[in-house]
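Q: Please take a close look at a single part of this structure and describe it together with its surroundings. A connected account for a newcomer would be welcome.

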Amino acid sequence: MTIPTVAPAEVLFDPAVETMPWDRLQQAQLGAFTDLLARLRTHDVWRARLRDAPASIKALTDLSDVRMTMKEDLRAAQAEQRPGRPLGDFQLVETEELIQFTSSSGTTGTPVFFGLTPNDLERWTSRIANAYRTAGVAAGARVAHTTGMAIVAGGMPYADGIRAAGGALAWIGGQTSSRMTLSLERLQLNVLVGTASFVTHFARRCEDELGRPATELSVRTIIAGGEPGAGVPHIRQGMLDAWGATRVSELMGLGDVLPAMWAECHVGQGMHFTAAPDVLVELVDPETLAHVPWEPGATGEAVYTTLTREASAVVRFRSRDQLTVTAVECACGRTSPTVRCVGRTDDMLIFKAMNVYPTAIRDVVLDVASDHLSGAMRIRKERADQVRFDTPLPLQVELRDDTDASRAAEKLAAAEEAVRQLLRVRIAIEPVPIGVIPVGEYKNALTYVDAE
Ligand SMILES: [Zn+2]
């Protein structure tokens, strides 16, 4: 594969922003942050929350004095119904000014609802389009959009963004597998958008429906989002092989902030930030909350501020997404750093005194035993809020149909040992047949609570 050193200018959705040096862009956004503070201070709830914030923000370090917004704050603001104020305490505009509602996925609790003004919708659509353009959607792309839920961040807003990026949208989600497969075939769709686990699962369903491999369909670009995974080499290769695709682009966003904020370009070294100028992102140490510089290898939690959203705002929103910076330069010409999401800080589990992300366990297990596994796996918890484990973490994995049981058993034992060595955590693997672990089309959890 040859990678052009500079992407043709027409490929960039918003060249002025995307090629501005990252430091300069962030500095310019601090000015917008000051404007945001002034705007929010005209509202009672925010005036109280911003009591200790400086009047103007001149340097990134000034942000440390601005109170963070937590997911719990957003939920609390909507905990009580307020007649005529559907978005609760954080609603900044009259209800009559809203033209759309969306909701967060609710995978970590009650969903939070958001609203958009006409301006908000236009800005969201542009930024989401930028993410899809970065991920490979332009004129000629015929895009299969597989979520079945319109109201969530990855539903209607993605549909709008895909069209604005230049793609032809085929919203095939929410139908039976056979209808989805039929659309994929008849419309010769060449871009597939879905979660990493759904993309793999869907290839198998297509094969069942068609009686021939999914590689014979036209999907060549896979855009995977909603959960970490598409950046992991084995998972990525599995998706490429299952569809006969030539490109996997990872894409990530948050309903609370903007549904698509990071996307991977054709170079494939990680996801660029695609939500500027409307969103400011900070990287902080999740323990000390000190800023972490954007340098290759740096790791921290992403903290987001919506600089321009009118209907409601989040100020320094703690995403709980743990990012690692993979590079600060890219041959595509975009100047934002590239990152991978390594896990969610609130997914973190503790085995004895060791902290571990379920995604890290999955990556090691796949590294050793991917030949025998479907890729679906999950850790069993005794209670939904269980974080600590004193006995080996019970890990259910799905065996492939065609695999040799004794060879698989050997590999799984080796995987347990590799996890112990590399992560210093003990796991107990329980193999199950294919189909036991449910695969949804939206945000699959890596942990579950047994119904018994
Ligand atoms: Zn790039």
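A: Two strands are said to pair if DSSP finds at least two bridges between them. Strands (E, at least two residues) and helices (H or I, at least four) are themselves DSSP runs, numbered from the N terminus. The model is predicted: local features require a pLDDT of at least 70, side-chain atom pairs count only at pLDDT 80 or more, and totals for chains, interfaces and linings use all residues. Residues are numbered from 1 along each chain as its sequence is written, and side-chain values rest on heavy atoms, with hydrogens and water left out.

The part chosen here is strand E10 (279-284). Its pairing with E11 is antiparallel and extends over 6 bridges. Within this pairing, Leu280 has Thr305 of E11 as its bridge partner. Strands of a sheet pair through backbone hydrogen bonds, in either a parallel or an antiparallel manner.

How many residues of E10 are buried? Buried means under 20% relative accessible area, exposed means over 50%, and partly exposed lies in between, using a 1.4 Å probe and protein chains only. By that standard 6 of the 6 residues of E10 are buried, so the strand is largely enclosed by the rest of the structure. In a regular strand the side chains alternate between the two faces of the sheet. Both faces of E10 are covered: one side carries Val279, Val281 and Leu283, the other Leu280, Glu282 and Val284, and all of these are buried.

The loops on either side of E10 deserve attention as well. Pro277 lies in the loop between strand E9 (271-273) and E10. A cis peptide bond, with omega of about 5°, joins Ala276 to Pro277. In the loop between E10 and strand E11 (299-306) is Leu289, which has a positive phi of about 65° although it is not a glycine. Because its relative accessibility is 31%, Leu289 counts as partly exposed. Most residues other than glycine have a negative phi, and most peptide bonds are trans.

A positive phi also occurs elsewhere: Arg424, likewise not a glycine, has a value of about 55°. Arg424 is found in the loop between helix H11 (405-423) and strand E19 (427-432). With 57% relative accessibility, Arg424 counts as exposed.

Strand E9, at the other end of the loop that holds Pro277, leads to a metal site, since His272 of E9 is one of its donor residues. Donors are N, O and S atoms within 2.8 Å of the metal (3.2 Å for Na, K and Ca); water is not among the atoms, and sites may look incomplete. The zinc ion is coordinated by Cys265 (SG), His272 (NE2), Cys330 (SG) and Cys332 (SG), at 2.1 to 2.3 Å. The spacing of these donor residues in sequence is C-x6-H-x57-C-x1-C. Distant parts of the chain are linked here: His272 belongs to E9, whereas Cys330 sits 58 residues away in the loop between strand E12 (317-327) and strand E13 (338-344). Both His272 and Cys330 are buried. The 4 donor atoms make angles of 100 to 116° and the site is tetrahedral, a term that applies to four donors if all angles lie between 85 and 135 degrees. The ideal angle for four tetrahedral donors is 109.5 degrees.

Definitions and conventions. Tetrahedral: all angles 85-135°; square planar, octahedral: opposite > 155°, others 65-115°.
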